[in-house]
Protein chains: 2
Amino acid sequence: MNPTIKDVAKKANVSIATVSRILNGLPGYSEDTKKKVTAAIADLGYQPNAVARGLINRRTQTIGVLFPNVSGMLSSEVLEGVERAAHEAGFSVIVCNTASSGSRTLKYLRLLQEKRVDGVIFASEDIKDEYAEIFKEMNVPVVLVSTASQKHNLPFVRVNDFEGAYRATEYLIHRGHRQIGMIGGSNYDPIAGVPRMEGFKAALTKHSLPFIDKMLVTNEGYRFNDGQQSLPKLLHQFPEMTAVFAASDELAIGAMSAAHQLRISVPDQLSIIGYDNLKISEMCYPPLTTVSQPLVKMGEKAGEMLTALIKEKELEAKSMYLPFTIVERQTVKRMK
Amino acid sequence: MNPTIKDVAKKANVSIATVSRILNGLPGYSEDTKKKVTAAIADLGYQPNAVARGLINRRTQTIGVLFPNVSGMLSSEVLEGVERAAHEAGFSVIVCNTASSGSRTLKYLRLLQEKRVDGVIFASEDIKDEYAEIFKEMNVPVVLVSTASQKHNLPFVRVNDFEGAYRATEYLIHRGHRQIGMIGGSNYDPIAGVPRMEGFKAALTKHSLPFIDKMLVTNEGYRFNDGQQSLPKLLHQFPEMTAVFAASDELAIGAMSAAHQLRISVPDQLSIIGYDNLKISEMCYPPLTTVSQPLVKMGEKAGEMLTALIKEKELEAKSMYLPFTIVERQTVKRMK
């Protein structure tokens, strides 16, 4: 017969509650006690039954992660960080990757609710009222990663989009560019869309370069195809442009592909800077200069924050902005 | 108080067992009964408690997916398919993405065992004896995706690697290339490494082009950096080469990057064909001609196979090879 938690407690000469606390990563025991219990677990070959354990501490030791409408390249890096933190804290991760079907978000949230996950990480989409309602029903901590909510008070881990865009634009200005265009995301996206455009405009204004409408092309999304279609449009309405700030790496790489096709040399004839620092930004040619979001780190911090909130109900969640950097590669030319 | 499964059974005038079968997607009831039960669930606002349910049917309605040592770009596509099939069948997916740390595979397998997952999908790594042992202990169905085991009898969903490599090489030959090199994976990888090399050699032999050692550079992995480092080596030992078959898209795109740096024009001076058809193969410039593995489909089939095996213990698992295609883009030139 399989050994039980009782057997472990007996062998280690501690209470069942103590073994349970140790198994669940809760505080309240000495290092010495932990060592004894760990040794007892190893000796007996005890395998905690997660299902039964869920009924005892009313936790399932799982967290749910939702990535609606996110590029698979971005989500896999954030997920890497989330998993690392979750597993470290003794939690498993149920992933709902709604990338290809934003409309399924609600359905997946219901699924996580049914699974009684102990907490949810939600990435990169605005929080609709119906999502917030399910969060409330679920009554578990929620942490946003790479997004934020203006309406609902939820803690987040992200980069300051306005600042990132501002610095990217300033980077081009400092390299002598005066005619700078932008391939933007969506005007209806209050999280990553609008702030990146505002950052772009603010940097121009700061440097006495007036923003004119023709300098900006917006898109519904942030994908490669959007960038590919946007560059010819932007060049048509703003032919004197010498540099482009693209609101995502996929947009930037799409623009590079269009430039290749138009036989415009990057960076000799046109400089491009992206946003994200996905792995593809090193893999394209020339390698892309871009604003680096610390994606793995963001996932890790979100995972740490969520598991801490699950373990300590009284903990106050503190949103955090992580620092970004500009990774210099080979797509921006210094103007004379 | 929340309604229970009893309330649902009473309202629908059926047995609890019937409600349970319906909730768990098992057969054995009429469409009419299903409609009555579904209506009762909706009326009562019943939310099945997955934890308690796990204790009743001894299932957790979750499957575990392990991606050891796989590119995040490949795993995100396979995962998309797995999730689609799993959610369709009423299962959630716990993902262990050990991409960045192959050594964690065993630890994650133990975690899935502890979570009492109902089945496991295992991707792209050879099945070590210690993994097979845990599978046996877990006593749940296991399906391999994009891999296979020579030693352990486990069903798989994959593409025939030998055939894929054979056809890619033949594609180059049919376009007039006679001096063809290969950037291969690992000589120690019996699944994707060796068969792709064997397919390459067989195609050459078939077309009376003798294989010589200098035509092949092998690597430890299949990553961008490997490809980037391999191309100069291969050109050095085989300077007359006009075309390269790379055993993965990342290897191919790494080779393209090296070619750019060496000012070798692709495809004018050197043709390249890849393997996988990841999203990046469309995004690089020029877009990459490659062997397309139906990754989403492979994930979907594996998910369907696994959930079927979970639901019907008597079912015999049938491995399947999915068809590949060659996606023609712009990296292979026709020789005169």
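**A guided tour of the predicted model**

In this predicted model, the second largest cavity encloses about 60 Å³ of space. It is one stop among several, for the structure holds six cavities of 30 Å³ or more. As a general point, empty space left between atoms is revealed by rolling a probe the size of a water molecule over them.

To display the lining of the second largest cavity, select I253(A), I280(A), M283(A) and C284(A), and add I253(B), I280(B), M283(B) and C284(B). What is the character of the residues in this lining: nonpolar, polar or charged? Eight are nonpolar, and there are no polar and no charged residues. Next, colour the helices α12 (280-283) of chain A and α12 (280-283) of chain B; each of them supplies at least two residues of this lining.

From α12 of chain A, proceed along the chain to the loop between α12 and β10 (289-292), where P286(A) is placed. Select Y285(A) together with P286(A): the peptide bond joining them is cis, with omega about -10°. Then turn to chain B and select Y285(B) and P286(B), which are likewise joined by a cis peptide bond, with omega about -10°. In chain B, P286(B) lies in the loop between α12 and β10 (289-292).

Return to chain A for a further backbone feature. Select N139(A), found in the loop between α7 (129-138) and β4 (142-145) of chain A. Its phi is near 60°, a positive value in a residue other than glycine.

For a wider view of chain A, colour it by domain. Domain 1 covers 5-57, domain 2 covers 62-159 + 295-321, and domain 3 covers 161-292. How far apart are the centres of domain 1 of chain A and domain 3 of chain A? Taken over C-alpha atoms, these centres are separated by 55 Å.

The last stop is a helix pair in chain B. The packing of two helices is described by the angle between their axes and the distance between the axes. Select helix α2 (residues 16-23) of chain B and helix α3 (residues 31-44) of chain B: they pack at an angle of about 90°, with their axes 10 Å apart. α2(B) is therefore roughly perpendicular to α3(B). To show the contact, display T18(B), V19(B), I22(B) and L23(B) from α2(B), and T33(B), K34(B), V37(B) and I41(B) from α3(B). The residues of this contact between α2(B) and α3(B) comprise five nonpolar, two polar and one charged.

Notes
Residues numbered from 1 in each chain as written. Chains lettered and ligands numbered in written order. Predicted model: local features only at pLDDT ≥ 70, side-chain atom pairs only at ≥ 80, totals over all residues. Heavy atoms only, no water. Domains from an automatic or database assignment. 1 Å grid on protein atoms, 1.4 Å probe; cavity = no way out; pocket = protein on both sides within 12 Å on 5 of 7 lines; lining within 4 Å. Points joined across faces, edges and corners; volume = space filled by probe spheres on them. Helix = DSSP H or I, 4+ residues; strand = E, 2+ residues; numbered from the N terminus. Nonpolar A, V, L, I, M, F, W, Y, C, P; charged D, E, K, R; others polar. Axes fitted to C-alpha atoms, helices over the stretch in contact; angles between N-to-C directions. Parallel < 35°, antiparallel > 145°, perpendicular 65-115°, else oblique. Contact = heavy atoms within 4.5 Å.
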